Amino acid sequence: MDFLQPVTWAEALEAKAAHPDAVPIAGGTDVMVGLNFGHLRPALLLDLTRIADLRDWQVADGAVRLGAGVSYARVISELGDRLPGLAMASRTIGSPQIRNRGTVAGNLATASPAGDAHPALLAAGSEVEVASARGTRRIPIDDFYTGVKRTAMDDDELIAAVHVAPPSGPQQYSKIGTRNAMVIAVAAFGLALHPDRRAVGTGIGSAAPTPRRAPAAEEFLAGELDSSGLWESRAELPEATIARFGELVAAAAAPIDDVRGSAPYRVHALSVMARRALSWAWADYRSANQEA
Amino acid sequence: MRLTCTVNGTEQHVDDVWEGESLLYVLRERMGLPGSKNACEQGECGSCTVYLDGLPVCACLVAAGQAEGRQIGTVEGLAGPEALHPVQQAFLDAGAVQCGFCTPGLLVATHDLIARHGRPSDAETREALAGNLCRCTGYEKILDAVRLAADRMAEPAAGGDR
């Protein structure tokens, strides 16, 4: 096995072009498990932790460009206001030791359906910036996940950053597991209200072959908020609307039975989490009005 | 490959490091520092917690080459030449050690917690130590030890009269 430690992004892209089977490593929270257990024996390990550019985040037109090397701990401490849903998801990840090393880009590259960042990225609206020696492109988050641990990236590409749209309304995140730390989600749900474009964003985790949105639930809720004038009145949400939203989120899932939970449990949990997340987000939306 | 890093303030060189091995393996098997424990090898248990450039991490999840040129702090570096670190002494005094396997990781995590929070609330302690599993104590004695260490470290020298 070879170990390469490029110091510049250009060097990293050249290395990946020359060795498309190289395994990139950043926080190591997935890759090292594979190495320690003998499941992963790449010809080349490509360490990305020396590339200073990847450790930065910037704001452009309100959107955050989150460099691939920014840890979950930094998303929580530095970006809780600009990326509220992603910061909430980050707080549920692993332990302090894991959050000090793991990255959102690593979550994307691994593309586990149980990855905690995905529902928040789907709900907020995001684009993954990937690069190769051939150039740079942005993949909309909806097109990024193509199968279980499969992505729309080519073999010579690396993740440079993820661009997350600025929040125009409340965001919420809910995850269920056997304890509050160190668990792979049994199911997870992300919600973003977008009052600027009168839309709703959702993300489902651990309940389908890939992270996915619940489009019917989004359209239903946005339609109800529109037709009842609730965006403007900020009145209480009818119980029936909250319940129907939960049903539609659950209906968008396609879970399996596994050691962490049964498919029916996951569907039920999603409907509960969706109702709760909506109740929390709507309470935030109403109280924001009182402060204004 | 050759690896050079600073461990507990001393520059260390080791040769013939396999590119796929972890910092934990390097510390235990190549540098003779077996304080950091090897249990789960997947970041679940925290018994290999070390400082990497000042941040607590699981040494089992750091590739050896990623430590090149970095500052590593292990449990062996906590005690002074004359006495245990107050965190270590508090774990002994509070009976927070049974089999002792998780203790090195808990000591490093607690050392970091008190450095950041001074006197952490129980909720802060539970959150900070959530990645360190202990299968003996039921954690109550560990919480006692964290409170004891924080109290002692917050007191002025010579055991003030708080």
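Start by selecting helix 4 of chain A, residues 84-91: 7 of its 8 residues are buried, so this helix is largely enclosed by the rest of the structure. Keep in mind as you look around that this is a predicted model.

**Stop 1: inside chain A**

Which residues of helix 4 of chain A are buried? Color Pro84(A), Gly85(A), Leu86(A), Ala87(A), Met88(A), Ala89(A) and Ser90(A), and you have them. Now show what lies over them. The cover includes three helices of chain A, namely helix 3 (72-79), helix 5 (96-99) and helix 7 (117-124). It also includes strand 10 (158-164), strand 11 (171-176) and strand 12 (187-194) of chain A.

While strands 11 and 12 are on screen, go to the loop between them and pick Met182(A). Its phi is positive, about 55°, although Met182(A) is not a glycine. Most residues other than glycine have a negative phi. Is Met182(A) buried or exposed? It is buried, because 20 other C-beta atoms lie within 10 Å, and 20 is the count at which a residue is called buried.

**Stop 2: a parallel sheet in chain A**

Next, select strands 1, 3 and 2 of chain A, in that order: these 3 strands make an open sheet with parallel pairing. At the edges you'll find strand 1 (2-4) and strand 2 (23-25) of chain A, each pairing on one side only. Neighbouring strands here are turned by 25° against each other on average, direction ignored.

For a closer look, keep strand 1 of chain A and strand 3 (residues 44-47) of chain A, which pair in the parallel sense over 3 bridges. Click on Leu4(A), and opposite it, in strand 3 of chain A, stands Leu46(A).

**Stop 3: where the chains touch**

Bring chain B into view. How many residues are in contact here? There are 24 from chain A and 23 from chain B. On the side of chain A that touches chain B, strand 1, helix 2 (31-36), strand 3 and helix 5 of chain A each supply at least two residues. Helix 2 of chain A gives the most, with 4 residues. Try coloring that side of chain A by residue type: it divides into 12 nonpolar, 9 polar and 3 charged. For the complex, the predictor gives an ipTM of 0.95 and a pTM of 0.96.

**Stop 4: chain B as a whole**

Hide chain A for a moment. Chain B has 5 helices and 5 strands, and from the N terminus they run β-β-α-β-β-β-α-α-α-α. The radius of gyration of chain B is 16 Å, close to the 15 Å that the globule rule gives for 162 residues, so chain B is as compact as a globular protein of that length. Turn it around and you'll see a C-alpha trace that spans about 55 × 30 × 25 Å along its principal axes. Of the 162 residues of chain B, 43% count as buried. Among contacts in chain B with a separation of 6 or more, 61% come from residues 24 or more positions apart.

**Stop 5: the sheet of chain B**

Select the 5 strands of chain B, which form an open sheet in the order 2-1-5-3-4 with mixed pairing. Strand 2 (10-14) and strand 4 (55-58) of chain B are the edge strands, each pairing on one side only. From one strand to the next, the twist averages 40°.

Zoom in on strand 3 (residues 49-52) of chain B, which runs antiparallel to strand 4 of chain B and is joined to it by 4 bridges. Thr49(B) stands opposite Cys58(B) in strand 4 of chain B. Add helix 3 (residues 103-117) of chain B: it packs on the sheet, touching strand 3 and strand 4 of chain B, and its direction makes about 45° with that of strand 3 of chain B.

**Stop 6: a loop and a tail**

Where is Asp16(B)? Look in the loop between strand 2 and helix 1 (23-30) of chain B. Asp16(B) has a positive phi too, about 60°, and is not a glycine. Asp16(B) counts as exposed, because it has 8 C-beta neighbours inside 10 Å and the cut-off for exposed is 12 or fewer.

Finish by coloring chain B by pLDDT. The average is 95, and 96% of the residues score at least 70. Residues 158-162 of chain B stay under 50, and for them the model has 2 contacts beyond four places in sequence. Where pLDDT is low, the predicted coordinates should not be read in detail.

Terms used:
Residues are numbered from 1 along each chain as its sequence is written. Chains are lettered from A and ligands numbered from 1 in the order in which they are written. This is a predicted model: local features need pLDDT of at least 70, side-chain atom pairs count only at pLDDT 80 or more; totals for chains, interfaces and linings use all residues. The radius of gyration is taken over C-alpha atoms; the globule rule is 2.2 Å times the number of residues to the power 0.38. Two residues are in contact if their C-beta atoms, placed from the backbone, lie within 7 Å. Two strands pair if DSSP finds at least two bridges between them. Axes are lines fitted to C-alpha atoms, for helices over the stretch in contact, and angles run from 0 to 180 degrees between N-to-C directions. pLDDT is the predictor's confidence in each residue, from 0 to 100. Ala, Val, Leu, Ile, Met, Phe, Trp, Tyr, Cys and Pro count as nonpolar, Asp, Glu, Lys and Arg as charged, and the others, Gly among them, as polar.
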